[in-house]
Amino acid sequence: MSATQIMLLIAAYFGVLIFISYLTSKEDSNETFFKAKKQSPWFVVAFGMIGASLSGVTFISVPGWVEVSQFSYMQVVFGYLAGYFVIAYILLPIYYKLNVTSIYQYLEGRFGVVSYKTGAFFFFISRVLGASFRLYLVAIVLQKFVFDAYGFPFWGTVTISILLIWLYTFKGGIKTIVWTDTLQTLFMLVAVVIAIILITDKLDWTLSEFLASNELAQYNKIFFTESFLTKNHLIKSFLGGMFIAICMTGLDQDMMQKNLTCKTLKDAQKNMVSFSLVLIVVNFIFLLLGALLFIYANKFNIATPMLDGKVKTDLLFPEIALNGGLSISLAIVFLLGLIAAAYSSADSALTSLTTSFCVDFLGIEKMEASKQKGLRKRIHVLMSIILVFVIVAFKYILDSNVIDNLLKVAGYTYGPLLGLFAFGIFTKFKVKDKYVWLITIISVVLSYLIGKIPPEQIGGYVIGYELLIINGLITFLGLILIRSKQN
């Protein structure tokens, strides 16, 4: 598939998204942009959240991770399920009771202004990095397979990507995203199913033959219980996944903003539970695809692509889809799935960053109505520029699998949020609010130092995703130290 054909496909795809934006953003108001007037059908939100949760990271990076981790990622996914139930029945009732626009407004009522701003700050850092990780993936694919053919620089590829997102979100905001996410999730799921069908057919297998094959058996180990010292032990992975879900969904303005557009708490809970069950099946399908990609690559001697002199397993799926000797239909559905996966996460991130900055840092809801819309639009542009700079920087920083990097960063940035919300929900203490920011910074620094301890110094124990729990616990203990006498 030529670079020009890919460009035309991308243009057609974004034409559809802009048309959806036109239909959903006729009322250009902050109430629509931030909350969609709380009129979103729960089943539409649930289906769209699948794409937003998976993103380009799952679409490319999870299959690319199978070679070194087999199916151990499912241990983390099972932890996600437990975390989503905590969100549905502990966090969502709190958010709906308080009728918040930003979930960090809870911290203001519970502890004070400094705690509120601290929580919003950590979300801001977390979401900028998380959205950048996801968009970086699609940007390097577009660069390698499209824009390099025209001699176009990487920073230009990133700028175009962000500009396209801005075009269809700048008016409708979250209302537009609820509906574009639905379309993008559909594209992504169809793409992975068709990819599996076409590749198994090329290998002269039926699906059942693939599932029973010795080749798959080399990759499909799910549960790792041999040594608790290893990073991927079942208990460590499950608990890490559970708290990653609680933090990266339940304590994340991006994901919760969609839930809060549902009409009632009951609808939001139905959305969360149904979404979490479907997510298990979808992640398993992506791991099957990953195994299939490596089997196909080994049989036909397809080398894992390199980028800037480094082997990038994240690029194996696009390499096979676009240059692997398969039909052009796979190339088309792959590109649609990739773009859908990446942008279904990035568009909501851009909107939630705009929402958080306007509501949490600028107090837009307290301003004169005549000034609110213009300010929101200027902040939307500012957030776009920030994402461009961070994504370009990743090209020179990242040296391993993207999903692994994403989950590592989550351990540092979401830990303080976990500690703050846990202390607020499960204790009755107030705190000396002016010191909260200091506690969270100390927690991040200590967690970083703990994460850097060589395994041989702690009996061979390898610290994994449980670092998020450690970070949250340090924050929690720090808040106990600054608690006030008044309950």
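Helices here are DSSP runs of H or I at least four residues long, numbered from the N terminus. With that in hand, let us walk through this predicted model, starting at one serine and working outwards.

S443 is found in helix α19, which covers residues 436-451. Is S443 buried or exposed? Its relative accessible area is 0%, so S443 is buried, the cut-off for that class being under 20%. What does the side chain of S443 meet there? A polar contact of 2.9 Å links it with the side chain of T475. Once neighbours within four places in sequence are set aside, S443 is in contact with N471, I474 and T475. The residues N471 and T475 on that list are four places apart, but the model's own contacts are what place them beside S443.From here we can turn to the nonpolar core. The largest such core has 142 residues, and F59, Y95, I199, I320 and F334 are those with the most contacts inside it. Helix α13, residues 265-299, gives the most to this core, contributing 18 residues. As general background, nonpolar side chains tend to be buried together in soluble globular proteins.

One of those well-connected core residues, I320, also belongs to the buried set of helix α14. That helix spans residues 316-323 and is mostly covered, with seven of its eight residues buried. The buried residues are L316, F317, P318, E319, I320, A321 and L322. Just after α14 comes G325, with a positive phi of about 80°.

Aromatic rings make a good next stop. A search of the whole structure finds 23 aromatic pairs. How are the rings of Y73 and Y80 arranged? Their centres are 6.2 Å apart and their planes meet at 80°, so this pair is edge-to-face. Both partners are covered: Y73 counts as buried because its relative accessibility is 5%, and Y80 counts as buried because its value is 8%. Ring pairs also tie Y73 and Y80 into a cluster with Y84 and F275.

F423 and F429 offer another geometry, a stacked pair with 6.4 Å from centre to centre and 25° between the planes. F423 has a relative accessibility of 0% and so counts as buried, whereas F429, at 33%, counts as partly exposed. The ring of F429 has a further partner, for the charged end of R483 sits over it, 5.3 Å from the ring centre. A similar arrangement appears at F228, where the charged end of K236 sits over the ring at 5.7 Å from its centre.

Finally, let us look at the backbone in two loops. Which residue in the loop between α4 (73-98) and α5 (105-110) deserves a look? It is N99, whose phi is positive, about 55°, although N99 is not a glycine. With 45% relative accessibility, N99 counts as partly exposed. N301 likewise has a positive phi of about 55° without being a glycine. N301 lies in the loop between α13 and β1 (306-307), and because its relative accessible area is 70%, N301 is exposed.

Methods: Residues are numbered from 1 along each chain as its sequence is written. Side-chain values use heavy atoms; hydrogens and water are left out. A nonpolar core is a set of buried Ala, Val, Leu, Ile, Met, Phe, Trp, Tyr and Cys residues joined through side-chain atoms within 4.5 Å. Buried means under 20% relative accessible area, exposed over 50%, partly exposed in between (1.4 Å probe, protein chains only). Rings of Phe, Tyr and Trp (its six-membered ring) pair if their centres lie within 6.5 Å; planes under 30 degrees apart count as stacked, over 60 as edge-to-face and the rest as tilted. A charge sits over a ring if NZ of Lys or CZ of Arg is within 6 Å of the ring centre and within 35 degrees of the ring normal. A polar contact is a pair of N or O atoms within 3.5 Å; within protein, one must be able to donate a hydrogen and the other to accept it, and residues adjacent in sequence count only if both atoms are side-chain atoms. Contact means heavy atoms within 4.5 Å.
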